[in-house]
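Reader: Could we go through this structure together? I should like to begin with its sheet.
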Amino acid sequence: MKQHGILRAVISPGSRHYPLIRSMEQDPDFTLYSVVDERSAAFFALGLIQQTGAPVAVCCTSGTSAINYGSAVVEAFYQGLPLVVLTADRLPELLNQKEEQMCLQKGVYDGFIRYQGQLTEVKNALSEWYCNRVINEAFLELDHHGRGPVHLNCPIESHHTDKFSTEKLPVVRRITRVDADADDYVWQRYASQLSGRKVLIVWGQAAPVDERLGQAVERFVEMFDCAILVDRLSNCRSSRAIKSAYLALRAMTIDQASELAPDIVITLFGNYTFNSGLKGYLSTLDNPFEVWDLGTSRVADPFRRLTTMFAAREAFFFERMCGFAGAKASGTYFNAWASVERNISEPQATFGEIYAVGQLVRKLPQHAKLHIANSLPIRMVHLFRSDPTITSFCNRGVNGIDGCMSTAVGYAAASAEPVYLVIGDLTFFYDMNALWNRHLSKSLRILLLNNEGGGVMHVPLSESQAPQLSRHVSAGHVTSAQGWVESLGFRYISARTAAECDAALDVLTSSEEPGPVLVEVFSVKEDDVRQFKAYLGGLNKITFGDKVRRRLKRELPKLFR
(Lines give C-alpha, C1' and ligand atoms only; values in the text may rest on other atoms or scores of the structure.)
Protein backbone atom coordinates (compact mmCIF):
# COMPACT_ATOMS: atom_id res chain seq x y z
CA MET A 1 0.00 0.00 0.00
CA LYS A 2 2.76 2.41 0.91
CA GLN A 3 4.69 1.76 -2.32
CA HIS A 4 1.53 2.44 -4.35
CA GLY A 5 0.64 5.58 -2.41
CA ILE A 6 -2.48 4.17 -0.74
CA LEU A 7 -2.02 6.05 2.53
CA ARG A 8 -5.57 6.62 3.80
CA ALA A 9 -7.59 3.84 5.43
CA VAL A 10 -11.00 3.77 7.13
CA ILE A 11 -11.05 1.23 9.96
CA SER A 12 -14.05 -0.44 11.57
CA PRO A 13 -13.72 -2.22 14.91
CA GLY A 14 -12.84 -5.90 15.36
CA SER A 15 -9.80 -7.95 16.24
CA ARG A 16 -8.90 -10.31 13.38
CA HIS A 17 -7.60 -7.44 11.26
CA TYR A 18 -5.45 -6.14 14.13
CA PRO A 19 -2.10 -7.06 12.51
CA LEU A 20 -3.03 -4.86 9.52
CA ILE A 21 -4.26 -1.99 11.68
CA ARG A 22 -1.30 -2.01 14.07
CA SER A 23 1.16 -1.98 11.16
CA MET A 24 -0.52 1.09 9.66
CA GLU A 25 -0.87 2.78 13.05
CA GLN A 26 2.86 2.63 13.68
CA ASP A 27 3.86 4.17 10.33
CA PRO A 28 3.54 7.99 10.24
CA ASP A 29 2.82 8.05 6.50
CA PHE A 30 -0.66 6.54 6.99
CA THR A 31 -3.75 8.52 7.94
CA LEU A 32 -6.41 6.38 9.62
CA TYR A 33 -10.10 7.07 10.24
CA SER A 34 -12.28 5.14 12.69
CA VAL A 35 -15.90 4.52 11.64
CA VAL A 36 -17.84 1.85 13.54
CA ASP A 37 -20.54 0.83 11.04
CA GLU A 38 -18.98 -0.84 7.98
CA ARG A 39 -21.81 0.35 5.75
CA SER A 40 -21.11 3.94 6.71
CA ALA A 41 -17.31 3.40 6.76
CA ALA A 42 -17.19 2.38 3.11
CA PHE A 43 -19.32 5.35 1.99
CA PHE A 44 -17.14 7.59 4.20
CA ALA A 45 -14.17 6.29 2.18
CA LEU A 46 -15.94 7.21 -1.07
CA GLY A 47 -16.19 10.77 0.18
CA LEU A 48 -12.46 10.82 0.87
CA ILE A 49 -11.79 9.56 -2.65
CA GLN A 50 -14.05 12.19 -4.17
CA GLN A 51 -12.24 14.93 -2.26
CA THR A 52 -8.63 13.73 -2.72
CA GLY A 53 -8.81 11.89 -6.05
CA ALA A 54 -6.56 9.20 -4.53
CA PRO A 55 -7.32 5.55 -3.65
CA VAL A 56 -8.59 4.93 -0.10
CA ALA A 57 -8.73 1.60 1.76
CA VAL A 58 -11.43 0.25 4.05
CA CYS A 59 -10.46 -2.49 6.49
CA CYS A 60 -12.68 -4.77 8.59
CA THR A 61 -12.67 -7.99 10.55
CA SER A 62 -14.05 -11.30 9.24
CA GLY A 63 -17.64 -12.50 8.79
CA THR A 64 -20.64 -10.32 7.99
CA SER A 65 -18.52 -7.19 8.31
CA ALA A 66 -17.40 -7.78 4.75
CA ILE A 67 -21.00 -8.11 3.54
CA ASN A 68 -21.78 -4.67 4.93
CA TYR A 69 -19.37 -3.04 2.48
CA GLY A 70 -21.51 -4.27 -0.44
CA SER A 71 -23.61 -1.18 -1.15
CA ALA A 72 -20.60 1.14 -1.21
CA VAL A 73 -18.63 -1.29 -3.42
CA VAL A 74 -21.47 -1.24 -5.98
CA GLU A 75 -21.56 2.56 -5.85
CA ALA A 76 -17.77 2.77 -6.26
CA PHE A 77 -17.98 0.44 -9.25
CA TYR A 78 -20.51 2.59 -11.10
CA GLN A 79 -18.87 5.87 -10.10
CA GLY A 80 -15.43 4.57 -11.04
CA LEU A 81 -13.88 5.27 -7.63
CA PRO A 82 -10.64 3.48 -6.58
CA LEU A 83 -11.79 1.88 -3.33
CA VAL A 84 -9.47 -0.75 -1.79
CA VAL A 85 -11.47 -3.29 0.23
CA LEU A 86 -9.34 -5.18 2.79
CA THR A 87 -11.24 -7.94 4.57
CA ALA A 88 -9.63 -10.08 7.24
CA ASP A 89 -10.68 -13.73 7.14
CA ARG A 90 -10.23 -16.98 8.95
CA LEU A 91 -8.28 -19.77 7.26
CA PRO A 92 -10.10 -21.30 4.27
CA GLU A 93 -9.70 -24.78 5.77
CA LEU A 94 -12.20 -23.76 8.46
CA LEU A 95 -14.97 -22.71 6.09
CA ASN A 96 -18.33 -24.37 6.87
CA GLN A 97 -16.94 -25.90 10.06
CA LYS A 98 -19.21 -24.00 12.47
CA GLU A 99 -16.49 -21.48 13.27
CA GLU A 100 -17.53 -18.09 14.55
CA GLN A 101 -17.45 -15.01 12.34
CA MET A 102 -16.83 -17.03 9.20
CA CYS A 103 -18.60 -16.99 5.84
CA LEU A 104 -17.53 -17.21 2.21
CA GLN A 105 -15.81 -13.86 1.60
CA LYS A 106 -13.99 -14.61 -1.63
CA GLY A 107 -16.14 -13.41 -4.52
CA VAL A 108 -18.67 -11.70 -2.29
CA TYR A 109 -18.58 -8.60 -4.54
CA ASP A 110 -18.62 -10.47 -7.86
CA GLY A 111 -19.93 -8.36 -10.71
CA PHE A 112 -18.98 -5.09 -9.03
CA ILE A 113 -15.24 -5.41 -8.53
CA ARG A 114 -12.32 -4.85 -10.90
CA TYR A 115 -10.08 -7.37 -9.17
CA GLN A 116 -10.60 -10.11 -6.57
CA GLY A 117 -7.45 -11.23 -4.74
CA GLN A 118 -7.35 -14.17 -2.36
CA LEU A 119 -4.19 -13.96 -0.26
CA THR A 120 -2.58 -16.80 1.68
CA GLU A 121 -0.68 -16.96 4.91
CA VAL A 122 2.97 -16.13 4.30
CA LYS A 123 4.97 -19.17 5.36
CA ASN A 124 7.85 -19.27 2.87
CA ALA A 125 9.41 -17.45 -0.09
CA LEU A 126 6.85 -18.86 -2.53
CA SER A 127 3.82 -17.66 -0.57
CA GLU A 128 5.48 -14.28 0.03
CA TRP A 129 6.10 -13.85 -3.71
CA TYR A 130 2.52 -14.94 -4.43
CA CYS A 131 0.99 -12.40 -2.04
CA ASN A 132 3.25 -9.62 -3.31
CA ARG A 133 2.23 -10.41 -6.88
CA VAL A 134 -1.52 -10.58 -6.13
CA ILE A 135 -1.47 -7.32 -4.16
CA ASN A 136 0.38 -5.61 -7.03
CA GLU A 137 -2.16 -6.99 -9.48
CA ALA A 138 -4.99 -5.57 -7.40
CA PHE A 139 -3.53 -2.09 -7.05
CA LEU A 140 -2.66 -1.93 -10.76
CA GLU A 141 -6.34 -2.52 -11.57
CA LEU A 142 -7.49 0.50 -9.56
CA ASP A 143 -6.93 2.76 -12.56
CA HIS A 144 -6.35 0.48 -15.55
CA HIS A 145 -8.60 1.47 -18.50
CA GLY A 146 -10.93 3.21 -16.10
CA ARG A 147 -11.12 3.19 -12.32
CA GLY A 148 -13.01 1.24 -9.70
CA PRO A 149 -12.84 -0.90 -6.55
CA VAL A 150 -10.64 -3.93 -5.82
CA HIS A 151 -10.90 -6.54 -3.06
CA LEU A 152 -8.16 -8.34 -1.14
CA ASN A 153 -9.25 -11.11 1.24
CA CYS A 154 -6.60 -11.72 3.92
CA PRO A 155 -6.70 -14.98 5.94
CA ILE A 156 -5.16 -14.57 9.40
CA GLU A 157 -4.81 -17.66 11.59
CA SER A 158 -3.95 -15.90 14.83
CA HIS A 159 -4.51 -12.22 15.59
CA HIS A 160 -3.24 -12.12 19.18
CA THR A 161 0.22 -13.75 19.08
CA ASP A 162 2.15 -11.19 17.01
CA LYS A 163 5.05 -9.54 18.86
CA PHE A 164 5.33 -6.61 16.40
CA SER A 165 9.11 -6.71 16.70
CA THR A 166 9.72 -5.19 13.26
CA GLU A 167 10.42 -1.50 13.82
CA LYS A 168 9.38 -0.21 10.39
CA LEU A 169 7.64 -1.48 7.29
CA PRO A 170 10.04 -3.11 4.83
CA VAL A 171 10.43 -1.74 1.32
CA VAL A 172 8.68 -4.32 -0.84
CA ARG A 173 8.54 -4.76 -4.58
CA ARG A 174 6.16 -2.52 -6.45
CA ILE A 175 5.20 -3.50 -10.00
CA THR A 176 4.69 -0.43 -12.17
CA ARG A 177 2.63 -0.18 -15.35
CA VAL A 178 3.64 2.27 -18.09
CA ASP A 179 0.93 3.09 -20.63
CA ALA A 180 1.58 4.12 -24.21
CA ASP A 181 0.46 7.68 -23.52
CA ALA A 182 2.97 8.20 -20.69
CA ASP A 183 4.85 11.51 -20.79
CA ASP A 184 8.17 11.75 -22.62
CA TYR A 185 10.14 12.08 -19.39
CA VAL A 186 8.85 8.64 -18.31
CA TRP A 187 10.07 6.98 -21.51
CA GLN A 188 13.35 8.87 -21.30
CA ARG A 189 13.90 7.64 -17.74
CA TYR A 190 13.50 4.01 -18.79
CA ALA A 191 15.71 4.48 -21.85
CA SER A 192 18.45 5.88 -19.62
CA GLN A 193 18.21 2.76 -17.43
CA LEU A 194 19.10 0.63 -20.48
CA SER A 195 22.19 2.63 -21.35
CA GLY A 196 25.39 0.76 -20.57
CA ARG A 197 23.49 -2.28 -19.22
CA LYS A 198 23.39 -5.91 -20.36
CA VAL A 199 19.90 -6.38 -21.82
CA LEU A 200 18.50 -9.87 -22.34
CA ILE A 201 15.33 -10.09 -24.46
CA VAL A 202 13.19 -13.23 -24.06
CA TRP A 203 11.12 -13.58 -27.23
CA GLY A 204 8.26 -16.06 -26.80
CA GLN A 205 6.01 -17.77 -29.31
CA ALA A 206 4.83 -15.36 -32.00
CA ALA A 207 3.89 -15.04 -35.63
CA PRO A 208 6.59 -13.70 -37.96
CA VAL A 209 7.01 -9.98 -37.27
CA ASP A 210 5.79 -7.28 -39.59
CA GLU A 211 8.15 -4.79 -41.18
CA ARG A 212 7.60 -2.08 -38.57
CA LEU A 213 8.42 -4.30 -35.60
CA GLY A 214 11.35 -5.91 -37.39
CA GLN A 215 12.95 -2.54 -38.11
CA ALA A 216 12.27 -1.26 -34.59
CA VAL A 217 13.88 -4.31 -33.00
CA GLU A 218 16.96 -4.12 -35.23
CA ARG A 219 17.49 -0.48 -34.34
CA PHE A 220 16.93 -1.24 -30.64
CA VAL A 221 19.51 -4.03 -30.49
CA GLU A 222 22.02 -1.78 -32.24
CA MET A 223 21.47 1.09 -29.81
CA PHE A 224 21.64 -1.05 -26.65
CA ASP A 225 23.79 -4.03 -25.65
CA CYS A 226 21.26 -6.80 -26.31
CA ALA A 227 20.95 -10.51 -26.90
CA ILE A 228 17.61 -12.11 -27.84
CA LEU A 229 16.81 -15.61 -26.60
CA VAL A 230 14.45 -17.32 -29.04
CA ASP A 231 13.27 -20.77 -29.99
CA ARG A 232 11.78 -22.22 -33.16
CA LEU A 233 8.32 -20.92 -32.21
CA SER A 234 9.50 -17.33 -31.80
CA ASN A 235 9.82 -16.99 -35.58
CA CYS A 236 12.25 -14.17 -34.80
CA ARG A 237 14.87 -13.42 -37.45
CA SER A 238 16.78 -10.65 -35.72
CA SER A 239 20.53 -10.40 -36.21
CA ARG A 240 20.96 -10.61 -32.42
CA ALA A 241 18.87 -13.77 -31.94
CA ILE A 242 20.37 -16.69 -30.03
CA LYS A 243 18.49 -19.40 -31.92
CA SER A 244 19.77 -22.28 -29.79
CA ALA A 245 18.65 -20.81 -26.46
CA TYR A 246 17.16 -24.19 -25.48
CA LEU A 247 20.65 -25.70 -25.67
CA ALA A 248 22.81 -22.66 -24.82
CA LEU A 249 21.31 -22.47 -21.33
CA ARG A 250 22.58 -26.01 -20.74
CA ALA A 251 25.95 -25.58 -22.45
CA MET A 252 27.41 -22.54 -20.64
CA THR A 253 30.31 -22.92 -18.24
CA ILE A 254 30.28 -21.53 -14.70
CA ASP A 255 32.36 -18.54 -15.86
CA GLN A 256 30.07 -17.91 -18.82
CA ALA A 257 27.03 -18.12 -16.57
CA SER A 258 28.44 -15.26 -14.51
CA GLU A 259 29.55 -13.24 -17.55
CA LEU A 260 26.13 -13.55 -19.20
CA ALA A 261 24.16 -12.43 -16.13
CA PRO A 262 21.78 -9.71 -17.39
CA ASP A 263 21.02 -6.36 -15.79
CA ILE A 264 17.58 -6.11 -17.40
CA VAL A 265 15.41 -8.91 -18.82
CA ILE A 266 12.71 -7.85 -21.32
CA THR A 267 9.98 -10.42 -22.04
CA LEU A 268 7.46 -10.32 -24.87
CA PHE A 269 4.93 -12.54 -26.64
CA GLY A 270 3.96 -16.06 -25.57
CA ASN A 271 5.48 -19.16 -24.00
CA TYR A 272 8.83 -20.68 -24.96
CA THR A 273 10.40 -24.13 -24.82
CA PHE A 274 13.42 -23.04 -22.77
CA ASN A 275 11.31 -21.84 -19.84
CA SER A 276 12.64 -24.26 -17.21
CA GLY A 277 16.26 -23.78 -18.30
CA LEU A 278 15.99 -19.99 -18.21
CA LYS A 279 14.23 -19.94 -14.83
CA GLY A 280 16.86 -22.30 -13.44
CA TYR A 281 19.69 -20.11 -14.74
CA LEU A 282 18.24 -16.80 -13.55
CA SER A 283 17.49 -18.23 -10.10
CA THR A 284 21.24 -18.83 -9.57
CA LEU A 285 22.23 -15.20 -10.20
CA ASP A 286 23.27 -12.91 -7.38
CA ASN A 287 22.93 -9.62 -9.27
CA PRO A 288 19.64 -7.72 -8.74
CA PHE A 289 18.39 -7.74 -12.33
CA GLU A 290 15.03 -6.22 -13.29
CA VAL A 291 12.34 -7.75 -15.50
CA TRP A 292 10.25 -5.68 -17.91
CA ASP A 293 7.25 -7.19 -19.70
CA LEU A 294 5.92 -5.80 -23.00
CA GLY A 295 2.55 -5.66 -24.67
CA THR A 296 0.33 -7.00 -21.91
CA SER A 297 -1.73 -5.64 -19.05
CA ARG A 298 -1.77 -8.97 -17.18
CA VAL A 299 0.90 -9.61 -14.55
CA ALA A 300 3.11 -12.53 -15.64
CA ASP A 301 6.08 -12.97 -13.31
CA PRO A 302 7.78 -16.35 -13.98
CA PHE A 303 11.19 -15.13 -12.79
CA ARG A 304 9.74 -13.42 -9.68
CA ARG A 305 11.61 -10.20 -10.51
CA LEU A 306 9.00 -8.26 -12.53
CA THR A 307 9.27 -4.53 -11.90
CA THR A 308 7.61 -2.86 -14.91
CA MET A 309 4.84 -3.69 -17.35
CA PHE A 310 4.66 -1.70 -20.59
CA ALA A 311 1.02 -1.71 -21.76
CA ALA A 312 1.93 -0.73 -25.31
CA ARG A 313 2.46 -2.50 -28.60
CA GLU A 314 5.92 -4.00 -28.94
CA ALA A 315 6.95 -1.89 -31.93
CA PHE A 316 5.87 1.27 -30.11
CA PHE A 317 8.02 0.35 -27.08
CA PHE A 318 11.17 -0.26 -29.14
CA GLU A 319 10.63 2.93 -31.15
CA ARG A 320 10.17 5.04 -28.01
CA MET A 321 13.28 3.58 -26.37
CA CYS A 322 15.35 4.26 -29.49
CA GLY A 323 14.03 7.80 -29.62
CA PHE A 324 15.75 8.55 -26.31
CA ALA A 325 18.86 6.40 -26.79
CA GLY A 326 22.37 7.78 -26.75
CA ALA A 327 25.36 6.36 -28.63
CA LYS A 328 25.27 2.85 -30.09
CA ALA A 329 26.38 0.04 -27.77
CA SER A 330 29.31 -2.24 -28.53
CA GLY A 331 27.37 -5.49 -28.83
CA THR A 332 29.72 -7.38 -26.53
CA TYR A 333 26.86 -8.95 -24.60
CA PHE A 334 25.43 -10.55 -27.74
CA ASN A 335 28.89 -11.74 -28.74
CA ALA A 336 29.31 -13.48 -25.38
CA TRP A 337 26.04 -15.37 -25.87
CA ALA A 338 26.93 -16.15 -29.49
CA SER A 339 30.23 -17.71 -28.41
CA VAL A 340 28.30 -20.20 -26.27
CA GLU A 341 25.98 -21.00 -29.17
CA ARG A 342 28.85 -21.52 -31.64
CA ASN A 343 30.31 -24.31 -29.52
CA ILE A 344 27.12 -26.41 -29.57
CA SER A 345 27.26 -29.43 -31.87
CA GLU A 346 24.21 -31.17 -33.25
CA PRO A 347 23.51 -34.72 -32.06
CA GLN A 348 25.23 -37.53 -33.92
CA ALA A 349 22.33 -39.91 -33.47
CA THR A 350 21.90 -43.47 -34.63
CA PHE A 351 18.56 -44.44 -36.13
CA GLY A 352 15.57 -43.46 -34.01
CA GLU A 353 13.38 -40.44 -33.28
CA ILE A 354 16.22 -37.94 -33.04
CA TYR A 355 17.73 -39.17 -36.30
CA ALA A 356 14.40 -38.89 -38.14
CA VAL A 357 13.67 -35.39 -36.83
CA GLY A 358 17.17 -34.19 -37.71
CA GLN A 359 16.90 -35.52 -41.26
CA LEU A 360 13.50 -33.87 -41.77
CA VAL A 361 14.75 -30.50 -40.48
CA ARG A 362 17.69 -30.66 -42.90
CA LYS A 363 15.50 -31.60 -45.87
CA LEU A 364 12.73 -29.03 -45.35
CA PRO A 365 12.56 -26.52 -48.22
CA GLN A 366 12.96 -22.80 -47.72
CA HIS A 367 9.87 -20.97 -46.44
CA ALA A 368 8.35 -24.26 -45.27
CA LYS A 369 5.48 -24.21 -42.76
CA LEU A 370 6.26 -26.62 -39.93
CA HIS A 371 3.78 -27.70 -37.26
CA ILE A 372 5.29 -29.45 -34.25
CA ALA A 373 3.42 -31.48 -31.67
CA ASN A 374 4.10 -31.13 -27.96
CA SER A 375 6.09 -33.55 -25.77
CA LEU A 376 9.39 -34.85 -27.21
CA PRO A 377 8.91 -33.65 -30.85
CA ILE A 378 9.02 -29.96 -29.86
CA ARG A 379 12.16 -30.63 -27.85
CA MET A 380 13.90 -32.69 -30.52
CA VAL A 381 13.31 -30.13 -33.27
CA HIS A 382 15.34 -27.67 -31.21
CA LEU A 383 18.41 -29.90 -31.31
CA PHE A 384 19.05 -29.01 -34.97
CA ARG A 385 19.74 -25.87 -36.97
CA SER A 386 17.32 -25.09 -39.78
CA ASP A 387 16.79 -22.64 -42.59
CA PRO A 388 15.84 -19.25 -41.06
CA THR A 389 12.96 -18.80 -43.50
CA ILE A 390 10.99 -21.72 -42.02
CA THR A 391 7.94 -20.69 -39.98
CA SER A 392 7.04 -22.93 -37.04
CA PHE A 393 3.84 -23.50 -35.07
CA CYS A 394 2.90 -25.44 -31.94
CA ASN A 395 0.04 -25.42 -29.44
CA ARG A 396 2.40 -24.15 -26.74
CA GLY A 397 -0.03 -21.88 -24.91
CA VAL A 398 -0.94 -24.63 -22.44
CA ASN A 399 1.51 -27.28 -23.70
CA GLY A 400 -1.01 -30.11 -23.99
CA ILE A 401 -1.24 -32.80 -26.66
CA ASP A 402 -4.86 -31.89 -27.46
CA GLY A 403 -5.51 -30.95 -31.05
CA CYS A 404 -1.92 -30.74 -32.33
CA MET A 405 -2.86 -32.59 -35.53
CA SER A 406 -6.25 -30.88 -35.85
CA THR A 407 -4.49 -27.49 -35.85
CA ALA A 408 -2.15 -28.60 -38.64
CA VAL A 409 -5.08 -29.96 -40.64
CA GLY A 410 -6.90 -26.64 -40.27
CA TYR A 411 -3.81 -24.69 -41.32
CA ALA A 412 -3.32 -26.91 -44.38
CA ALA A 413 -6.97 -26.50 -45.38
CA ALA A 414 -6.29 -22.80 -45.98
CA SER A 415 -2.83 -23.25 -47.54
CA ALA A 416 -1.86 -23.92 -51.15
CA GLU A 417 1.68 -24.98 -50.24
CA PRO A 418 2.89 -28.07 -48.33
CA VAL A 419 2.35 -28.07 -44.57
CA TYR A 420 4.56 -30.33 -42.46
CA LEU A 421 3.71 -31.91 -39.11
CA VAL A 422 6.08 -33.73 -36.72
CA ILE A 423 4.08 -35.74 -34.19
CA GLY A 424 4.54 -38.55 -31.67
CA ASP A 425 2.42 -41.69 -31.57
CA LEU A 426 0.32 -40.95 -28.47
CA THR A 427 -0.45 -37.43 -29.69
CA PHE A 428 -1.33 -38.80 -33.13
CA PHE A 429 -3.72 -41.51 -31.93
CA TYR A 430 -5.22 -39.16 -29.34
CA ASP A 431 -6.21 -36.80 -32.18
CA MET A 432 -6.63 -39.31 -35.05
CA ASN A 433 -10.14 -38.06 -35.85
CA ALA A 434 -8.47 -34.89 -37.11
CA LEU A 435 -7.83 -36.75 -40.39
CA TRP A 436 -11.48 -37.83 -40.72
CA ASN A 437 -12.25 -34.45 -42.17
CA ARG A 438 -13.89 -33.46 -45.44
CA HIS A 439 -11.50 -30.49 -45.67
CA LEU A 440 -8.35 -32.63 -45.58
CA SER A 441 -5.74 -31.00 -47.80
CA LYS A 442 -3.47 -32.85 -50.24
CA SER A 443 -0.68 -30.51 -49.09
CA LEU A 444 -0.45 -32.20 -45.65
CA ARG A 445 2.84 -33.99 -44.91
CA ILE A 446 3.12 -35.91 -41.60
CA LEU A 447 6.16 -37.45 -39.92
CA LEU A 448 4.79 -39.83 -37.29
CA LEU A 449 7.34 -40.96 -34.68
CA ASN A 450 6.11 -44.31 -33.37
CA ASN A 451 8.11 -45.83 -30.53
CA GLU A 452 5.05 -47.47 -29.02
CA GLY A 453 4.35 -45.04 -26.17
CA GLY A 454 4.97 -41.64 -24.66
CA GLY A 455 8.72 -41.34 -24.37
CA VAL A 456 8.59 -37.97 -22.65
CA MET A 457 7.21 -39.68 -19.53
CA HIS A 458 10.44 -41.71 -19.32
CA VAL A 459 12.81 -38.73 -19.49
CA PRO A 460 12.77 -37.62 -15.81
CA LEU A 461 12.70 -41.19 -14.45
CA SER A 462 15.35 -43.84 -13.97
CA GLU A 463 16.09 -46.19 -16.85
CA SER A 464 15.65 -49.12 -14.46
CA GLN A 465 11.96 -48.24 -14.22
CA ALA A 466 11.38 -48.44 -17.98
CA PRO A 467 9.82 -51.94 -18.07
CA GLN A 468 7.07 -50.86 -15.66
CA LEU A 469 6.42 -47.43 -17.19
CA SER A 470 4.83 -48.67 -20.40
CA ARG A 471 1.90 -50.28 -18.58
CA HIS A 472 0.26 -47.06 -17.42
CA VAL A 473 2.63 -44.07 -17.28
CA SER A 474 3.60 -43.99 -20.97
CA ALA A 475 0.66 -46.03 -22.35
CA GLY A 476 2.64 -48.65 -24.26
CA HIS A 477 0.99 -50.07 -27.40
CA VAL A 478 1.66 -51.93 -30.66
CA THR A 479 -0.53 -49.80 -32.95
CA SER A 480 0.25 -48.60 -36.46
CA ALA A 481 -1.42 -45.78 -38.37
CA GLN A 482 -1.23 -47.54 -41.73
CA GLY A 483 -4.78 -48.87 -42.10
CA TRP A 484 -6.41 -45.67 -40.86
CA VAL A 485 -4.49 -43.23 -43.03
CA GLU A 486 -4.61 -45.35 -46.18
CA SER A 487 -8.40 -45.54 -45.84
CA LEU A 488 -8.41 -41.74 -45.88
CA GLY A 489 -6.35 -41.41 -49.07
CA PHE A 490 -2.84 -40.87 -47.68
CA ARG A 491 0.25 -42.26 -49.28
CA TYR A 492 1.71 -44.31 -46.44
CA ILE A 493 5.42 -45.13 -46.04
CA SER A 494 6.99 -46.94 -43.09
CA ALA A 495 10.64 -46.75 -42.01
CA ARG A 496 12.53 -49.08 -39.67
CA THR A 497 16.11 -48.30 -40.70
CA ALA A 498 18.13 -45.17 -41.42
CA ALA A 499 18.15 -45.91 -45.17
CA GLU A 500 14.38 -46.39 -45.26
CA CYS A 501 13.92 -43.20 -43.24
CA ASP A 502 16.07 -41.13 -45.62
CA ALA A 503 14.20 -42.43 -48.66
CA ALA A 504 10.80 -41.83 -47.06
CA LEU A 505 11.67 -38.26 -46.09
CA ASP A 506 12.78 -37.56 -49.65
CA VAL A 507 9.23 -38.40 -50.71
CA LEU A 508 7.71 -36.41 -47.84
CA THR A 509 9.58 -33.24 -48.81
CA SER A 510 9.35 -33.65 -52.58
CA SER A 511 7.58 -30.85 -54.42
CA GLU A 512 6.45 -33.40 -57.02
CA GLU A 513 4.52 -35.56 -54.57
CA PRO A 514 0.73 -34.96 -54.94
CA GLY A 515 0.05 -35.94 -51.31
CA PRO A 516 -1.18 -36.20 -48.70
CA VAL A 517 1.71 -38.26 -47.28
CA LEU A 518 2.42 -39.87 -43.92
CA VAL A 519 5.78 -41.38 -42.99
CA GLU A 520 5.69 -43.61 -39.92
CA VAL A 521 9.10 -44.14 -38.33
CA PHE A 522 9.27 -47.12 -35.93
CA SER A 523 11.90 -47.05 -33.19
CA VAL A 524 12.53 -48.29 -29.64
CA LYS A 525 11.34 -45.90 -26.94
CA GLU A 526 14.06 -46.72 -24.41
CA ASP A 527 16.80 -46.20 -27.03
CA ASP A 528 15.28 -42.86 -28.07
CA VAL A 529 15.12 -41.62 -24.49
CA ARG A 530 18.66 -42.81 -23.79
CA GLN A 531 20.03 -40.88 -26.79
CA PHE A 532 18.09 -37.75 -25.86
CA LYS A 533 19.27 -37.74 -22.24
CA ALA A 534 22.87 -38.53 -23.22
CA TYR A 535 23.00 -35.63 -25.67
CA LEU A 536 21.60 -33.07 -23.21
CA GLY A 537 23.82 -34.43 -20.44
CA GLY A 538 26.88 -33.99 -22.63
CA LEU A 539 26.10 -30.29 -23.09
CA ASN A 540 26.24 -29.47 -19.38
CA LYS A 541 29.60 -27.84 -18.67
CA ILE A 542 28.84 -26.99 -15.04
CA THR A 543 30.32 -29.71 -12.85
CA PHE A 544 28.98 -30.92 -9.52
CA GLY A 545 31.80 -29.06 -7.80
CA ASP A 546 30.84 -25.85 -9.61
CA LYS A 547 27.25 -26.25 -8.38
CA VAL A 548 28.41 -26.76 -4.81
CA ARG A 549 30.66 -23.70 -4.91
CA ARG A 550 27.89 -21.58 -6.41
CA ARG A 551 25.44 -22.76 -3.73
CA LEU A 552 27.94 -21.99 -0.95
CA LYS A 553 28.64 -18.55 -2.43
CA ARG A 554 24.92 -17.79 -2.34
CA GLU A 555 24.06 -19.33 1.04
CA LEU A 556 27.06 -18.51 3.27
CA PRO A 557 26.46 -14.74 3.39
CA LYS A 558 22.88 -15.42 4.52
CA LEU A 559 24.15 -17.72 7.25
CA PHE A 560 26.63 -15.21 8.66
CA ARG A 561 24.18 -12.34 8.33
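Author: The sheet comes first, then one loop residue, then a pair of helices. This is a predicted model, in which local features need pLDDT of at least 70 and side-chain atom pairs count only at pLDDT 80 or more, while totals for chains, interfaces and linings use all residues. Residues are numbered from 1 along each chain as its sequence is written, and side-chain values use heavy atoms, without hydrogens and water.
Reader: In what order do the 7 strands of the open sheet run?
Author: The order is β7-β13-β12-β11-β8-β9-β10, with parallel pairing. Strands (E, at least two residues) and helices (H or I, at least four) are DSSP runs numbered from the N terminus, and two strands pair if DSSP finds at least two bridges between them.
Reader: Which are the edge strands?
Author: They are β7 (176–179) and β10 (241–242), each of which pairs on one side only. Strand β9 (residues 225–229) pairs with β10 over 2 bridges, and Leu-229 stands opposite Ile-242 in β10.
Reader: New topic: is Asp-181 buried or exposed?
Author: Asp-181 counts as exposed because its relative accessibility is 67%; exposed means over 50%, buried under 20% and partly exposed in between, with a 1.4 Å probe and protein chains only. Asp-181 is in the loop between β7 and α6.
Reader: And which residues of α13 meet α19?
Author: Tyr-355, Ala-356, Gln-359, Leu-360 and Lys-363 in α13 do so, and their partners in α19 include Cys-501 and Leu-505; contact means heavy atoms within 4.5 Å.
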